[in-house]
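Please open the model in a viewer and set the side chains to be shown as sticks. The tour below moves from selection to selection and says what is found at each stop.

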Amino acid sequence: MLQLTPHLKARLATPLKIGALEINSRVLQSPLSGVTDLVFRRLVRRYAPESMLYTEMVHASRLQHLKEIPIIMEIDPNERPVSIQLFDCRPHFLAEAAQKAVAEGADTVDINMGCPVNKITRKGGGSSLLRQPEVAEEIVREIVKAVDVPVTVKTRIGWDDAEITILDFALRMQDAGAQMITIHGRTRAQGYTGNARWEWIGKVKRVLDIPVIANGDIFSVESAARCLEETGADGVMCSRGTLGYPFLVGEIDYFLKTGEILAAPTLIQRLECAKEHLEALYEYKGERGIYQARKHMAWYAKGFVGASDLRGELNKIETVKQGVELLDKAIDKLATGYEVIEEKEVVMSQ
Ligand SMILES: Cc1cc2nc3c(=O)[nH]c(=O)nc-3n(C[C@H](O)[C@H](O)[C@H](O)COP(=O)(O)O)c2cc1C
């Protein structure tokens, strides 16, 4: 039976304190570009009523050229606590964007200092800030001055194996005024490959006063518990484990609060959830929502004979009706005893 050590259990039973903000959950839904829109967050929220959820990352200087606030910054007052994540490398644009984020209802403003994508690092944003710690410090200081909600940072352990700089970097972020840091235990060079090196997260936790959130390879209740034991972190953030599985944050949260493991949703319940996700995306975004839904549908459709064919078909849907029909057909087959196969871990890259 999975159990946390009594000391860890007692520590995690208290709220997560991010500056003056108290969150009654130690599990967070990560920002995922192209995924964690309002529709997805509503599904996560249903199973994790108290966890902090993150928007997709928002390009701060782009906001200067937009007349209206973009849809990715939209927060439903009923889904809070929610953090808006920003990326850029120019402190004054980030500070202005942070003010807009707070006006939209963000409970915290998070700065992306971990994105490995060339298009972003070439311009000085994302993980390239690990190589410009002075700029990263200035960014945090400027935003802290500009807003009255906690400012947080999400980053990686370093640029590559020769530059694992997270200990110094995290201390700098704390000194600049960050109220929490989330660490993805991989270098920029690793991208999403290899294991997340949780040992570095543990090292940071031992020297920082602000909360440290562990991220990377949290795919189940078991991995979350192991990560919390190994790192001593103040919480865990789920990422790829939630693709096609908006239940994960809630499952971990439930375990940390009760010590019990919830029964996993059945394949039929997962496909029902896929249908709801598709319909809600269409309602929220129109035609564009259907194209975005294709990848989500493929993430939901796994673990049974015929799943791969279904994924191929779902990937081509042009209308909600087509998607619903395909999913209903699969649900009918599962209900009449279709064979279930071993789950394979889905490895995604951005
Ligand atoms: C599709 C996708 C989109 C992502 N978008 C963001 C993002 O917008 N902001 C961010 O900080 N990290 C982003 N990430 C990184 C994740 O938040 C997380 O740090 C990473 O996937 C490691 O966790 P995992 O091993 O549990 O997936 C993204 C990752 C994926 C796979």
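At what N to O distance do the side chains of R141 and E137 meet in a salt bridge? Select both residues in this predicted model: the separation is 3.8 Å.

**First stop: helix α5**

Extend the selection to residues 133-146, which make up helix α5. R141 and E137 both belong to this helix and are 4 residues apart, so about one helical turn separates them. Switch to a surface view to compare the partners. E137 is buried, with a relative accessibility of 14%, whereas R141 is partly exposed at 41%.

**Second stop: helix α10**

Next, select residues 267-285, the span of helix α10. Within this helix, E272 and K275 form a salt bridge whose closest N and O atoms are 3.4 Å apart. The two positions are 3 residues apart, again about one helical turn. Here the acidic partner, E272, is partly exposed at 36% relative accessibility, while K275 is buried at 13%.

Then add D168 and R172 to the earlier selection of E137 and R141: salt bridges with shared partners link these four residues into one network.

**Third stop: a pair between two loops**

Now select D107 and R80. Their salt bridge brings the closest N and O atoms to 2.6 Å. Where does each partner lie? D107 is in the loop between α3 (91-103) and β6 (108-113), and R80 is in the loop between β4 (52-59) and β5 (82-87). The pair therefore ties together parts of the chain that are 27 residues apart in sequence. In the surface view, D107 proves to be buried, with a relative accessible area of 11%; R80 is partly exposed, at 43%.

Side chains of opposite charge can pair when their charged atoms come close. With a cut-off of 4 Å between a side-chain nitrogen of Lys or Arg and a carboxyl oxygen of Asp or Glu, the count of salt bridges comes to 22.

**Last stop: the annotated domain**

Finally, select residues 29-333. An unreviewed UniProt entry lists this range as "domain: DUS-like FMN-binding". How much of the chain over residues 29-333 is helix, and how much is strand? Helix accounts for 46% and strand for 15%. Placing a distance label between the C-alpha atoms at the two ends of the range should give 32 Å.

Key:
Residues numbered from 1 in each chain as written. Predicted model: local features only at pLDDT ≥ 70, side-chain atom pairs only at ≥ 80, totals over all residues. Heavy atoms only, no water. UniProt positions renumbered as here; feature names shortened; annotations may be inferred. Buried < 20%, exposed > 50% of the residue type's maximum accessible area, 1.4 Å probe, protein only.
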